[in-house]
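Let's walk through this structure together, from the ligand to the core and then along one helix. Have the 3D view open as you read.

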Amino acid sequence: MAWDFSTEPEFEEKLEWMRDFVRQEVFPLETLSLTYDQVRVVIRPLQEQVKSHGLWAAHLSPELGGMGFGQVRLGLMHEILGQSPLAPFVFGNNAPDSGNAELLAVGIETTGSEEQRRRWLQPLLDGDLRSAFSMTEPNTAGSDPTLLTTSAVRDGDEYVLNGHKWFTTNGSVADFLIVMAVTNPDVHPYQGSSMLIVPADTEGVDIVRDVSTMEDPETPYGRFGNHAEIIYRDVRIPVENLVGREGDGFQLAQKRLGPGRIHHCMRWLGQSRRAFDMLCERAVSRYAHGSVLADKQTIQNWVADSLAEMQAARLMTLHAAWKMDQEGQAAARVEIAMIKYYGASVLYNVIDRALQVHGALGYSCDLPLESMYRAARAARLYDGPDEVHRQTVARRVLKGYTPTEVPTEHIPTRRIEAQRQFADLLESLTIDT
Ligand SMILES: Cc1cc2nc3c(=O)[nH]c(=O)nc-3n(C[C@H](O)[C@H](O)[C@H](O)COP(=O)(O)OP(=O)(O)OC[C@H]3O[C@@H](n4cnc5c(N)ncnc54)[C@H](O)[C@@H]3O)c2cc1C
């Protein structure tokens, strides 16, 4: 019987190395308020160390320089990387570049386009180009991408792209954007949408602004991590810039989002653990009303509930990863949807309790909790809001049930059935007694 929660010793060694490395070498960088370009310089020697340990861009297939680890092992790695916003850069799998590289790789697998590999994918993997993923529109519901209105109309050897997008993360610093657009309005959007590589300096690409958010109310234009509003006006894109084939847009999006959600959820657990450690450390340190906070039952409840919730989210996420590895992404759809909303709520709750236990200090910028808290709120929105994932789960589950006039468990009805089933035995009981 195969039912195993252990990690192979060789891989556990790698994880051990990662834990120490991230804590010793990456955590300190967080406090230095470096610009993105400064970060790139400072982390270069760290990236070399990661490469020498065979852990660079591990999410990619071996043909692209990755490790082909599978989702469970990648998940365990992301749990460590999630502890620090800088760690994914050091390990060559920062969003959205990592997901975009996967998209390009899947597309190239379909079309065999060596030109796309040479011009876009390889420089992206080498860190020489930056990318963004441009799908959500301000005027249509992002949670229902069948409503997208951005269009790409074929004109000879080019597409003419028109549309209005926003929340394109890194849109204002990207060298190229992967844009989702309707290429055939006459069929269902699942078959009529496509992804196009749009160089950011193409005529007609208008980066209107970086949108200020709860995470970053002060948003200097062109900062890494910002979310851009972009208007595409008659942007002419050569047909060879299609990712995959025309009409592949939704299929590609699904391929990108499944593993991405596992990694998000594991990174959230890394964040949750960091907040949890702060919660516990403060609980045993702060004295009020005759005892340390750790002696108050409410605080004990927070510790116990947080640990249980993190453990549940961790097992759910690793199980989803395992199912993906065993049976493929489609088979793990419900599990992936469940971890998306459950993991986001655990992240939010644990950080909220850690912030609360620190009082004013938690609310201040002297601790990372306030920024973790603001970032955590977005987790319930991006990659699809909670409600949509809950709907996916509920719909799938409910498909397994059929309507009945009388509930299956209706005791009087079951009693009649049982009396019929056991009539002989019941009769003999009556005779014997
Ligand atoms: C930090 C951040 C980064 C992002 N990065 C990117 C990016 O790089 N590229 C990109 O293209 N997009 C990005 N997005 C956009 C994100 O994908 C969308 O915000 C998300 O898909 C939701 O779309 P929407 O904002 O249009 O909300 P809407 O679709 O308008 O939904 C609003 C609300 O309606 C409710 N709702 C929707 N559907 C249902 C339903 N079926 N049942 C019940 N309630 C429902 C939910 O409460 C939902 O929150 C990012 C968003 C954030 C916050």
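What follows is a short tour of a predicted model.

## Around the ligand

Start at the ligand, which has 20 residues surrounding it. The closest are Met135, Ala141, Gly142, Ser143 and Glu387. By type, the shell divides into 10 nonpolar, 9 polar and 1 charged residue.

Where do these residues come from? Domain 2 (131–243) and domain 3 (255–398) each contribute at least three residues to the shell. If you prefer to look by element, strand S1 (131–134), strand S3 (158–169) and helix H13 (386–398) each supply at least two.

## The nonpolar core

Next, turn to the largest nonpolar core, which has 96 residues. Those with the most contacts inside it are Leu161, Val179, Leu196, Val198, Ile351 and Ala354. Helix H10 (residues 333–357) gives the most to this core, with 14 residues. In soluble globular proteins, nonpolar side chains tend to be buried together.

Val198 is a good residue to click on: leaving out residues up to four places away in sequence, Val198 touches Leu161, Phe176, Leu177, Val179, Val205, Val235 and Ile237.

## Helix H5

Finally, find helix H5 (residues 97–111), whose 15 residues reach 21 Å from first C-alpha to last, close to the 21 Å expected at 1.5 Å a residue. Just after H5 comes Gly112, with a positive phi near 70 degrees.

The buried residues of H5 include Asp97, Asn100, Glu102, Leu103 and Leu104. Among the elements covering the buried residues of H5 are helix H6 (114–125), S1, strand S4 (176–182), strand S5 (193–199) and helix H8 (249–285).

How values were computed. Residues numbered from 1 in each chain as written. Predicted model: local features only at pLDDT ≥ 70, side-chain atom pairs only at ≥ 80, totals over all residues. Near = placed C-beta within 6 Å. Helix = DSSP H or I, 4+ residues; strand = E, 2+ residues; numbered from the N terminus. Nonpolar A, V, L, I, M, F, W, Y, C, P; charged D, E, K, R; others polar. Domains from an automatic or database assignment. Core = buried A, V, L, I, M, F, W, Y, C linked by C-beta atoms within 7 Å. Buried ≥ 20, exposed ≤ 12 C-beta atoms within 10 Å, placed from the backbone. Contact = placed C-beta atoms within 7 Å. Expected span 1.5 Å × (residues − 1).
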